[in-house]
Amino acid sequence: MPAIFAITSCTWIALSLFAAIPFYFDNLSYVDALFETISGITTTGATIFNDIEKQSPGILLWRAMLHGMGGFGVITLGIAVFPMLKILGLNNLLYSEYSDATKRKLPNTRSVVIHVTAIYYSLILLCVFSYYLAGMPLFDAICHGMSAVSTGGFANYNDSIGHYNNPMLEVITIIFMILGSLPFLSYLKIIRRLDICHDEQVSYFVRVAIVSSLFACFWLYQNVDLGVSLSFRCSIFTITS
């Protein structure tokens with residue numbers, strides 16, 4: 001177990017130090033560059049940029065790619081690329097939330113990671129395609145697709161998705177933020193026709209999201225006077241985010 005924590009910590013630190021270089025070359029101090037990088041990889045979404053819209057397309061794409069990598073998980077990627085890490089018990093992290101019965105029904109760790117990788121990036125591609133069909137420019141769709149599925153929150157505009165003032169884009173974002181929030185092994189259970197209906201983590205997540213959104217909607221309707229439709233739209237987007 002100590003080896004797991006050591007490898008995890010060293011991987012995050014090394015990746016962050018390296019990934020901060022493009023920001024540093026964009027005339028940021030290294031501390032600011034490191035902050036933006038860690039925020040992206042951890043899908044936290046905090047940013048040091050005061051005016052995002054002035055940033056170059058390369059920087060905007062790099063921020064989104066950090067979300068794309070971070071949302072998948074560095075250790076999960078490590079298991080796929082470096083199968084020798086399994087001897088240190090890193091595969092236990094992947095299965096930790098499932099019962100022994102479920103583990104026995106799933107294939108070996110490397111096979112699981114390959115399938116989960118395909119599921120994750122398929123969700124991103126589907127999100128990008130949905131954004132594009134809903135009227136978002138292709139470049140924005142690519143960046144926001146990685147941001148939505150990873151649930152990170154980086155955007156290409158200061159007012160994020162609100163920049164488009166498009167309810168359909170907000171609905172798409174809500175759907176893919178929810179899909180990206182669920183355990184990816186749950187999708188594998190669905191594919192393999194395992195018992196997904198009794199996944200307590202997914203069940204509680206959905207219940208909390210619905211109840212919280214309804215409470216927030218009621219509060220907005222009573223105190224801000226946005227109307228039922230706009231109150232529900234704002235509350236469910238914010239709660240899901």
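**Exercise 1. Determine the exposure class of Asp51 and describe the salt bridge in which Asp51 takes part.**

Solution. Asp51 has a relative accessible area of 24% and is therefore partly exposed; buried means under 20% relative accessible area, exposed over 50%, and partly exposed in between (1.4 Å probe, protein chains only). The next step is the partner: the side chain of Asp51 meets that of Lys54 in a salt bridge, with an N to O distance of 3.9 Å. The criterion is a side-chain nitrogen of Lys or Arg within 4 Å of a carboxyl oxygen of Asp or Glu. Lys54, with a relative accessible area of 68%, is exposed.

The model is predicted: local features need pLDDT of at least 70, side-chain atom pairs count only at pLDDT 80 or more, and totals for chains, interfaces and linings use all residues. Residues are numbered from 1 along each chain as its sequence is written, and side-chain values use heavy atoms, with hydrogens and water left out.

**Exercise 2. State how many salt bridges a search of the whole structure finds, and characterise the pairs Arg63–Glu36 and Glu170–Arg233.**

Solution.
- Step 1. The search of the whole structure yields 3 salt bridges. Side chains of opposite charge can pair when their charged atoms come close.
- Step 2. Arg63 and Glu36 are joined through their side chains at 2.9 Å, N to O. Since Arg63 belongs to helix H4 (residues 57-72) and Glu36 to helix H3 (residues 30-41), this pair ties together parts that are 27 residues apart in sequence. Helices (H or I, at least four residues) are DSSP runs, numbered from the N terminus.
- Step 3. Arg63 is buried at a relative accessible area of 1%, and Glu36 is buried at 0%.
- Step 4. In the salt bridge between Glu170 and Arg233, the closest N and O atoms are 2.8 Å apart. Glu170 lies in helix H10 (residues 167-181) and Arg233 in helix H13, so the pair ties together parts that are 63 residues apart in sequence.
- Step 5. Glu170 counts as buried at 11% relative accessibility, whereas Arg233 is partly exposed at 23%.

**Exercise 3. Describe the surroundings of Thr240 in helix H13, and then the relation of Ala216 to Ile236.**

Solution.
- Step 1. Thr240 is found in helix H13, which covers residues 228-240. Its relative accessible area of 16% is why Thr240 is classed as buried.
- Step 2. A polar atom of the Thr240 side chain lies 2.6 Å from the backbone oxygen of Ile236.
- Step 3. With neighbours within four places in sequence left aside, Thr240 is in contact (heavy atoms within 4.5 Å) with Ile174, Met177 and Ile178.
- Step 4. Ala216 lies in helix H12 (residues 200-223) and is partly exposed, at a relative accessible area of 21%.
- Step 5. Ala216 and Ile236 are 20 residues apart along the chain, and their C-alpha atoms are separated by 7.9 Å. Not counting residues up to four places away in sequence, Ala216 touches Ser235 and Ile239.

**Exercise 4. Identify the non-glycine residues Asn27 and Thr151 by phi, location and exposure.**

Solution. Asn27 is not a glycine, yet its phi is positive, at about 70 degrees. Asn27 sits in the loop between H2 and H3 and counts as exposed at 76% relative accessibility. For Thr151, phi is near 55 degrees, again a positive value in a residue other than glycine. Thr151 occupies the loop between H9 and H10 and is partly exposed, with a relative accessible area of 29%.

**Exercise 5. Assess the confidence of the model by region.**

Solution.
- Step 1. The average pLDDT (the predictor's confidence in each residue, from 0 to 100) is 82 for the protein, and 79% of the residues score at least 70.
- Step 2. Confidence is highest in helix H9 (residues 138-149), at a mean of 95, and lowest in helix H7 (residues 100-105), at 49.
- Step 3. Over residues 97-103 the pLDDT is below 50, and this stretch has 10 contacts in the model beyond near neighbours in sequence.
- Step 4. Residues 84-88 stay under 50 in pLDDT, and the model has 10 contacts for them beyond four places in sequence.

Key:
Helix = DSSP H or I, 4+ residues; strand = E, 2+ residues; numbered from the N terminus. Polar contact = N/O pair within 3.5 Å; in protein donor to acceptor, adjacent residues only side chain to side chain.
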